[in-house]
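I opened my notebook and went through this structure one stop at a time. Here is what I looked up, in the order that I wrote it down.

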Amino acid sequence: MKKNLLSIIILALLVINLAMNGFMLLSVLTTNSQTAKLISDIAAALELEASGGAGGGFSNSNSGTVGVANIATFGYTGDNNLTISLKPGADGKTHYMLADVVFSMNTAAQDYATYGSSESLASMSDLVKAKVIDVLSSYTMEELQADMQTAKDQVLEAVQELYGSNFIYDVSISAIYS
C-alpha cells in the first residue's frame with residue numbers, strides 16, 4: 001500500500017511539474033516575442049535615422065551600399081566644368097581651379113523621383129553650382145592638394161542640405177590648379 005501511495009504522490013508531482021514547465025514556457029515565449037518586436041522597432045528607427053529620415057544626418061553615404069544598377073550621375077564636366085577662384089595661399093597669389101564635378105545619385109532613393117529628373121536637376125543646376133563654388137573657394141590651393149576629401153565631404157553635405165535629402169550620396173572632383 002505504501003508503494004501505491006508513493007507512486008500516486010510521484011505522479012501528482014510529475015503532473016504539477018509538467019504544468020509549471022508549460023506555464024514557464026508560455027511566459028518566456030511571450031516575453032521573447034515582445035523583446036523581439038522592441039528590438040525590430042529600434043532597428044527600424046535607427047535605419048530611418050541612418051538613411052536621413054526625420055532627425056537623420058546627410059553626410060557621406062548614409063544610404064548604405066548602392067548597387068551599380070541604381071546609380072545615376074550628373075555634374076559639371078567637359079565644356080561645362082567649373083573655374084573657381086581659390087583663397088590666396090601662403091604665397092599671397094590668387095590661384096584658380098579648373099574642376100570637373102560629378103554627383104552620384106541613388107535611383108532607388110525615395111526622393112530621386114522628385115529631385116532626380118532632368119528637369120529638376122536643370123532647374124537647380126545654378127544653385128548646386130553656387131554651393132560647389134562657395135565651398136571650394138574657401139580653400140587655398142595647398143589645402144585642396146593636401147586633403148581633397150574634406151572639401152568633397154563639405155560639398156556633398158552642402159548639396160544634400162540644399163535638397164533636404166541624401167539621394168545624392170557621393171561627389172567626385174577632379175581638378176587642375178593654376
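**Entry 1: the aromatic rings**

I began with two rings and found that tyrosine 163 is buried, and that phenylalanine 167 is buried too. I should say at once that this is a predicted model. For phenylalanine 167 I noted a relative accessibility of 0%, and because buried means under 20%, the label fits.

Next I asked how many aromatic pairs a search of the whole structure finds. The search finds five. One of them joins tyrosine 115 and phenylalanine 167, a stacked pair with 5.9 Å from centre to centre and 25 degrees between the planes. Tyrosine 115 sits in helix H2 (residues 112-115), while phenylalanine 167 sits in the loop between helix H5 (148-163) and strand E4 (168-177), so this pair ties together parts that are 52 residues apart in sequence. I then looked at the pair of tyrosine 163 and phenylalanine 167, which is edge-to-face, with 5.3 Å between centres and 85 degrees between the planes. Tyrosine 115 has a relative accessible area of 27%, so I wrote it down as partly exposed. I also noted that Tyr112, Tyr115, Tyr163 and Phe167 make up one aromatic cluster.

**Entry 2: a serine that touches the cluster**

Tyrosine 115 led me on to serine 120. Leaving out neighbours within four places in sequence, serine 120 is in contact with Thr114 and Tyr115. I found serine 120 in helix H3 (residues 118-136). Is serine 120 buried or exposed? Its relative accessible area is 14%, so serine 120 is buried.

**Entry 3: the whole chain**

I stepped back to get my bearings. The chain has five helices and four strands, and from the N terminus on the elements run α-β-β-β-α-α-α-α-β. Of its 178 residues, 26% count as buried. The accessible surface of the chain is about 11,300 Å², and 61% of that belongs to carbon and sulfur atoms. I also looked up contacts with a separation of 6 or more: residues 24 or more positions apart account for 71% of them.

**Entry 4: the strands**

I followed strand E1 (residues 71-76) and saw its side chains alternate. Ala72, Phe74 and Tyr76 point to one face and are buried, whereas Ile71, Thr73 and Gly75 point to the other face and are not. I added a reminder for myself: in a regular strand, side chains alternate between the two faces of the sheet.

Which strand does E1 pair with? E1 pairs with strand E3 (residues 96-106), in the antiparallel sense and over six bridges. Threonine 73 stands opposite serine 104 in E3.

Strand E2 (residues 82-85) came next. Leu82 and Ile84 make its covered face, and Thr83 and Ser85 its uncovered one. E2 and E3 run antiparallel, joined by four bridges. Here isoleucine 84 stands opposite methionine 97 in E3.

**Entry 5: a loop residue**

Between E1 and E2 there is a loop, and I stopped there at threonine 77. With 38% relative accessibility, threonine 77 counts as partly exposed. Threonine 77 and valine 101 are 24 residues apart along the chain, yet their C-alpha atoms are separated by 6.3 Å. Not counting residues up to four places away in sequence, threonine 77 touches Asp100, Val101 and Val102.

**Entry 6: helix H1**

My last stop had a charged pair and a nonpolar patch. How many salt bridges does the structure hold? It holds one. The side chains of aspartate 41 and lysine 37 meet in a salt bridge, at 3.2 Å from N to O. I reminded myself that side chains of opposite charge can pair when their charged atoms come close. Aspartate 41 and lysine 37 are four residues apart in helix H1, so about one helical turn separates them. I noted aspartate 41 as partly exposed, at 41% relative accessibility, and lysine 37 as exposed, at 53%.

Then I turned to the patch. Leu5, Ile9, Leu13, Ile16 and Met20 make a nonpolar surface patch of about 520 Å². Methionine 20 has its place in helix H1 (residues 2-50). Its relative accessibility is 56%, so I wrote methionine 20 down as exposed.

Definitions and conventions
Residues numbered from 1 in each chain as written. Predicted model: local features only at pLDDT ≥ 70, side-chain atom pairs only at ≥ 80, totals over all residues. Heavy atoms only, no water. Patch = residues over 30% accessible without salt bridge, like charges linked within 9 Å, V, L, I, M, F, W, Y side chains within 5 Å. Areas by Shrake-Rupley, 256 points an atom, 1.4 Å probe, with all protein chains shown as cover. Salt bridge = Lys/Arg side-chain N within 4 Å of Asp/Glu carboxyl O. Helix = DSSP H or I, 4+ residues; strand = E, 2+ residues; numbered from the N terminus. Buried < 20%, exposed > 50% of the residue type's maximum accessible area, 1.4 Å probe, protein only. Phe/Tyr/Trp six-rings, centres within 6.5 Å; stacked < 30°, edge-to-face > 60°. Pairing = 2+ DSSP bridges. Contact = heavy atoms within 4.5 Å.
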